[in-house]
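Here are my notes on the model you sent. Please read them with the structure open.

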Amino acid sequence: MFRQLSKRSQADLSMLIISFIWGLSFVLAKNALADIGPFVFVGFRFMLAFFVLAAWSYRDVFKLRRSTLGSGCLLGFFLFIGYAFQTVGLKYTTSSNAGFVTGVSVVLVPIIYSLLYKKKPSLATVITVTVAALGLFLISVPLGSVKFSHGDLIVLVGAFGFAIHIILVDYYSHQHNAIAITAIQVLVVGILCTGLGWAFETIPARITLNAMSAIIVTAVLSTALAFLVQNYMQRFSTPTRFAVVLTSEPVFAAMAGYIWAGERLSGSGLLGAGLILAAMLVTVLFKKKVPTPL
């Protein structure tokens, strides 16, 4: 049945499945952090993902030019910022909140573009950022409180990392072998997080089944497979269609959090989540191509 669909429909359906996997990974990571430090978890996850990519297509992975290595390291650094802060923040917030706060990265992209070019942001950009900020406030500040959840603020730093990564990928991805530059990014995240884990966290003498299963699932499905599918399928669709599909990721994260972790969004949290999703969709649908300054 899948083969009977058009290539574009296959691509969109594939990314919807990947979006579901990414949403589920928030709950898996949240549960794993009860048994393992965040940097060790991310480091092991990405190192394993690198070996999976190398085994899958070692000729592409090791088909390196110096420029690919440099670009991959730069992309990997901001990907490291994204995943490191997202995972640390997960220790102090819910997987549902983390999914929606991470989604703010989509809204941050046009703002960062405007700052890079020193141009006044468009009215649509101002509106979407305002709506997303209001949504972030409603989802992160409990009723009767005036303080943001510090876990959500940590995840927000990660969202900035993801936003810059999105901008850089838009520029660098077409200049290099897709699998090779992806593998370098994954390896950089793995090395940096593993190093920080050894330096600042306690390496468990025995990795629990809970942590090991989360590492394997997120490494193989959420990282290696997800990147491979995205790299291959994007040629059959458009970035805008892909981005619209991926706005479902925080919804899946909230659903998984509700089913497997019993997480519930309050009334204000639900409203905030809806505002963030609306801002993400408007940003994607009205996004204008901005030339990169790099």
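1. A definition comes before the helix pair. A crossing is left-handed if the near helix is turned anticlockwise from the far one by less than a right angle, and right-handed if clockwise. By that rule, α4 and α7 cross in the left-handed sense. Keep in mind throughout that this is a predicted model.

2. Now the geometry of that pair. Two packed helices are described by the angle between their axes and the distance between the axes. Helix α4 covers residues 66-90 and helix α7 covers residues 150-172. Their packing angle is about 160°, and the axes are 7 Å apart. Angles over 145 degrees count as roughly antiparallel, so α4 is roughly antiparallel to α7.

3. What classes of residue make up the contact of α4 with α7? Nonpolar residues number 17 and polar residues 8. There are no charged residues in this contact.

4. On the fold as a whole: the protein chain has 12 helices and 0 strands. Read from the N terminus, the elements run α-α-α-α-α-α-α-α-α-α-α-α.

5. Overall dimensions next. How does the radius of gyration compare with that of a compact globule? For 294 residues, a compact globule would have a radius of gyration near 19 Å. The protein chain has 19 Å, so the two agree. Along the principal axes, the C-alpha atoms fill a box of roughly 55 × 50 × 45 Å. Of the 294 residues in the protein chain, 49% are buried.

6. Then the cysteines. A disulfide is a covalent bond between the sulfur atoms of two cysteines. How many disulfides does a search of the whole structure find? The count is 0. Cys 73 is in no disulfide, and its nearest cysteine sulfur, that of Cys 193, is 14 Å away. A disulfide needs the two sulfur atoms within 2.5 Å, so this pair does not qualify. Cys 193 is likewise in no disulfide; the nearest cysteine sulfur to Cys 193 is that of Cys 73.

7. Are these two cysteines buried or exposed? Cys 73 is partly exposed, at a relative accessible area of 34%. Cys 193 is buried, at 0%. The cut-off for buried is under 20% relative accessible area.

8. Last, a link between distant parts of the sequence. Ala 211 sits in helix α9, residues 209-233. Ala 211 has 1% relative accessibility, so this residue counts as buried. Ala 211 and Phe 41 are separated by 170 residues in sequence. In space, their C-alpha atoms are 7.9 Å apart.

How values were computed
Residues numbered from 1 in each chain as written. Predicted model: local features only at pLDDT ≥ 70, side-chain atom pairs only at ≥ 80, totals over all residues. Heavy atoms only, no water. Buried < 20%, exposed > 50% of the residue type's maximum accessible area, 1.4 Å probe, protein only. Axes fitted to C-alpha atoms, helices over the stretch in contact; angles between N-to-C directions. Helix = DSSP H or I, 4+ residues; strand = E, 2+ residues; numbered from the N terminus. Parallel < 35°, antiparallel > 145°, perpendicular 65-115°, else oblique. Nonpolar A, V, L, I, M, F, W, Y, C, P; charged D, E, K, R; others polar. Rg over C-alpha atoms; globule rule 2.2 N^0.38 Å.
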